[in-house]
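Visitor: I have a model to look through at the bench. Could you take me through its contacts?

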Amino acid sequence: MKAENASIDQVAKATQDAVKMQPGKWQTQIKFVSVDVPGMPKAQADMMGQQMAKMSEQTTETCVTPEMVNKPPSEMFGGKAGAGCTYEKFELTGGKIDSVMSCKPQGAGEMKSTTTGTLSGTSYELASDTTMSGTPGMPGGKMTMKTQITGKRIGDCPATKG
C-alpha cells in the first residue's frame, strides 16, 4: 500500500486490511532516544532529557477489541482527524512501514515526523524522527526528537463483568 499527500483517515482506511492486529491485550513502550533543542540552556536541556527518560520507562497495556481491529482509529496512524496532518509519503509493504507525516496545528508551528519499522499481527517496532519548528516560546524555535515505539500482544483481554 502506497500513498502520497494523504490524510490520516485515508491512510487508516487504506491500511485496515494490510496488517491486521490480533485482538487482545497489547503492551506498548515509547522510548525517547534523544531530544535536541538548539539554543536551550544546558541545565534546562539536561532536565528535559531526564524527564523524557523517566517517561520512557513507562509501559502501557491496552485491550484491543475486535471492533478496533476491524476499524482502526486514526490515532493509531499518528494523529486525530482534523489536527492539520497529512502523510507526504506512506508505504506499508510486506510488514514494513516507511512514512513521512507533516502537521500544521493552529498556532503551534509545524511538525514533520519520519517513521520506519515493522508491523505484524502480534507485534510492531517503529523508529521515529520528529522535528518541530516555529513553536512559540521554544528557544531557537526548533526541537528534534528521536523515539522508539515497540508493542506486542501479550495475551487475551480480561473478561468483562456484566
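What follows is a short exchange on disulfides, aromatic pairs, one serine and the nonpolar cores.

Guide: This is a predicted model, where local features need pLDDT of at least 70, side-chain atom pairs count only at pLDDT 80 or more, and totals for chains, interfaces and linings use all residues. Residues are numbered from 1 along each chain as its sequence is written, and side-chain values use heavy atoms, with hydrogens and water left out.

Visitor: How many disulfides does a search of the whole structure find?
Guide: A disulfide is a covalent bond between the sulfur atoms of two cysteines. Here the test is a pair of cysteine sulfur atoms within 2.5 Å. Cys63 and Cys157 pass at 1.9 Å, and Cys85 and Cys103 pass at 2.0 Å. The search of the whole structure finds two.

Visitor: What is the handedness of the disulfide of Cys63 and Cys157?
Guide: Cys63 is in strand β3 (residues 59-64), and Cys157 is in the segment after β8 (142-155), 94 residues apart. Strands (E, at least two residues) and helices (H or I, at least four) are DSSP runs, numbered from the N terminus. The S-S torsion is about 115°, so the disulfide is right-handed.

Visitor: Is Cys85 buried or exposed?
Guide: Buried means under 20% relative accessible area, exposed over 50%, and partly exposed in between (1.4 Å probe, protein chains only). Cys63, at 36%, is partly exposed, and Cys157, at 23%, is partly exposed. Cys103 is buried, and Cys85 is also buried.

Visitor: What is the pairing of the bonded cysteines, numbered in sequence order?
Guide: One bond runs from Cys63 to Cys157. The other joins Cys85 in strand β4 (residues 85-93) to Cys103 in strand β5, so it ties together parts 18 residues apart in sequence. In sequence order, the pairing is 1-4, 2-3.

Visitor: Why does the pair of Trp26 and Tyr124 tie together parts that are apart in sequence?
Guide: Ring centres of Phe, Tyr and Trp (its six-membered ring) must lie within 6.5 Å to pair; planes under 30 degrees apart are stacked, over 60 edge-to-face, and the rest tilted. Trp26 and Tyr124 are stacked, at 5.9 Å centre to centre and 15° between the planes. Trp26 sits in strand β2 (residues 24-36) and Tyr124 in strand β7 (residues 123-133), so the parts they tie together are 98 residues apart.

Visitor: Are the planes of Tyr87 and Phe90 stacked or edge-to-face?
Guide: Tyr87 is buried at 4% relative accessibility, and Phe90 is buried at 1%. Their ring centres are 5.0 Å apart and their planes are at 75°, so the pair is edge-to-face.

Visitor: Which side chain does a polar contact join to Ser102?
Guide: A polar contact is a pair of N or O atoms within 3.5 Å; within protein, one must be able to donate a hydrogen and the other to accept it, and residues adjacent in sequence count only if both atoms are side-chain atoms. Ser102 lies in strand β5 (residues 96-103) and is buried at 10%. At 2.3 Å, the partner is Glu88.

Visitor: Which element gives the most to the largest nonpolar core?
Guide: A nonpolar core is a set of buried Ala, Val, Leu, Ile, Met, Phe, Trp, Tyr and Cys residues joined through side-chain atoms within 4.5 Å. The largest has 18 residues, and Tyr87, Phe90 and Met101 have the most contacts inside it. With four residues, the top contributor is β4.
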